[in-house]
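Take a look at the chain below. This report starts with a pair of helices and then works through the rest of the fold.

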Amino acid sequence: MLEKNLEKEITAYIASRLAEDIELKDIQTEVNEKFSQKLTYMDIRILASSVEYDWNAGEEQSAEKQQDEKPAADVPAEPAPEPEESSGTVVEVNKLVQPGTLASGTVKFANGATATWYVDQMGRLGLDNLNGAQPGEADMRDFMTELRKVLR
């Protein structure tokens, strides 16, 4: 696990780079070089999930650009989707800690896939035994959010 001050500094750096539309894989490389760390992509994703950032902004801008390029049509606007109370992702923690881990458990993603997860002694998060479709970005964000809740 990172020292709290270093974690805050790295999280602030991630936030600034995300604001510049830099991809997480590139931020991972930068963080490891700048802060002399060996953080995994998953570590960066976990830290980035705590950042106030509109993860859909790039998709929205792309959709707006495509909409601007299309001729206007008399199509009624679709109603805004209702906010969801639950992501549909369920994370459980094992009562017995697996050897070589700090914590472990299971996850059932909203897309129906299941996996086991663990946090190793270096604080790295990992997934094993994935059954079903590969979880997407939104599934992973929901997983990390739910994992934080159950580990508090």
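## Two crossing helices

H2 and H3 are roughly perpendicular to each other. The reason is the crossing angle: their axes cross at roughly 105°, and angles of 65 to 115 degrees count as roughly perpendicular. The two axes come within 9 Å. This is a predicted model.

Which residues make the contact between H2 and H3? From H2 come Leu24, Lys25, Ile27, Gln28 and Val31. From H3 come Tyr41, Ile44, Arg45 and Ala48. By type, the residues of this contact divide into six nonpolar, one polar and two charged.

## Gln28, inside the helix pair

Gln28 sits in helix H2, which covers residues 24–34. Is Gln28 buried or exposed? Gln28 has a relative accessible area of 18%. Buried means under 20%, so Gln28 is buried.

Now look at what surrounds Gln28. Setting aside residues up to four places away in sequence, Gln28 touches Leu39, Thr40, Tyr41 and Ile44. Leu39 also offers a backbone oxygen. That oxygen lies 3.0 Å from a polar atom of the Gln28 side chain.

## Gln37, in the loop

Next comes another glutamine. Gln37 is in the loop between H2 and helix H3, and H3 spans 41–49. The relative accessible area of Gln37 is 23%. Partly exposed runs from 20% to 50%, so Gln37 counts as partly exposed.

The side chain of Gln37 has a backbone partner too. A polar atom of that side chain lies 3.2 Å from the backbone oxygen of Phe35. Beyond its neighbours within four places in sequence, Gln37 is in contact with Leu2, Leu6, Ile10, Val31 and Asn32. Take Leu2 from that list. Gln37 and Leu2 are 35 residues apart in sequence. In space, their C-alpha atoms are 9.4 Å apart.

## The whole chain

Now step back. The chain has five helices and four strands. Read from the N terminus, the elements run α-α-α-α-β-β-β-β-α.

How many residues does the chain have, and what share of them count as buried? The chain has 152 residues, and 28% of them count as buried. Contacts tell another part of the story. Take the contacts with a separation of 6 or more: residues 24 or more positions apart account for 41% of them.

## The sheet

The four strands form an open sheet. Their order is S1-S2-S3-S4, and the pairing is antiparallel. Which strands are at the edges? Strand S1 (90–93) and strand S4 (125–131) are the edge strands, and each pairs on one side only. From one strand to the next, the twist averages 25°.

Follow the sheet across. S1 and S2 run antiparallel and are joined by four bridges. One residue to find here is Val93, whose bridge partner in S2 is Gly105. S2 and S3 are also antiparallel, with seven bridges. Here Lys108 has Thr114 in S3 as its bridge partner. Strand S3 covers residues 114–120, and five bridges join S3 to S4 in the antiparallel sense. Val119 stands opposite Leu125 in S4.

## Turns and loops between strands

S2 and S3 form a hairpin. Five residues lie between the two strands. Find Gly112 in the turn: Gly112 has a positive phi of about 95°.

The loop between S1 and S2 holds Asn94. Asn94 has a relative accessibility of 30%. That value falls between the 20% and 50% cut-offs, so Asn94 counts as partly exposed. Apart from its neighbours within four places in sequence, Asn94 is in contact with Ser104 and Gly105. Asn94 and Gly105 are 11 residues apart along the chain, and their C-alpha atoms are separated by 4.7 Å.

## A helix across the sheet

One more helix remains to be placed. Where does helix H5 lie? H5, residues 137–151, lies across S1, S2, S3 and S4. Within that set, strand S2 covers 101–108. H5 runs at about 40° to S1.

Conventions
Residues are numbered from 1 along each chain as its sequence is written. This is a predicted model: local features need pLDDT of at least 70, side-chain atom pairs count only at pLDDT 80 or more; totals for chains, interfaces and linings use all residues. Side-chain values use heavy atoms; hydrogens and water are left out. Buried means under 20% relative accessible area, exposed over 50%, partly exposed in between (1.4 Å probe, protein chains only). A polar contact is a pair of N or O atoms within 3.5 Å; within protein, one must be able to donate a hydrogen and the other to accept it, and residues adjacent in sequence count only if both atoms are side-chain atoms. Contact means heavy atoms within 4.5 Å. Two strands pair if DSSP finds at least two bridges between them. Axes are lines fitted to C-alpha atoms, for helices over the stretch in contact, and angles run from 0 to 180 degrees between N-to-C directions. Angles under 35 degrees count as roughly parallel, over 145 as roughly antiparallel, 65 to 115 as roughly perpendicular and the rest as oblique. Ala, Val, Leu, Ile, Met, Phe, Trp, Tyr, Cys and Pro count as nonpolar, Asp, Glu, Lys and Arg as charged, and the others, Gly among them, as polar.
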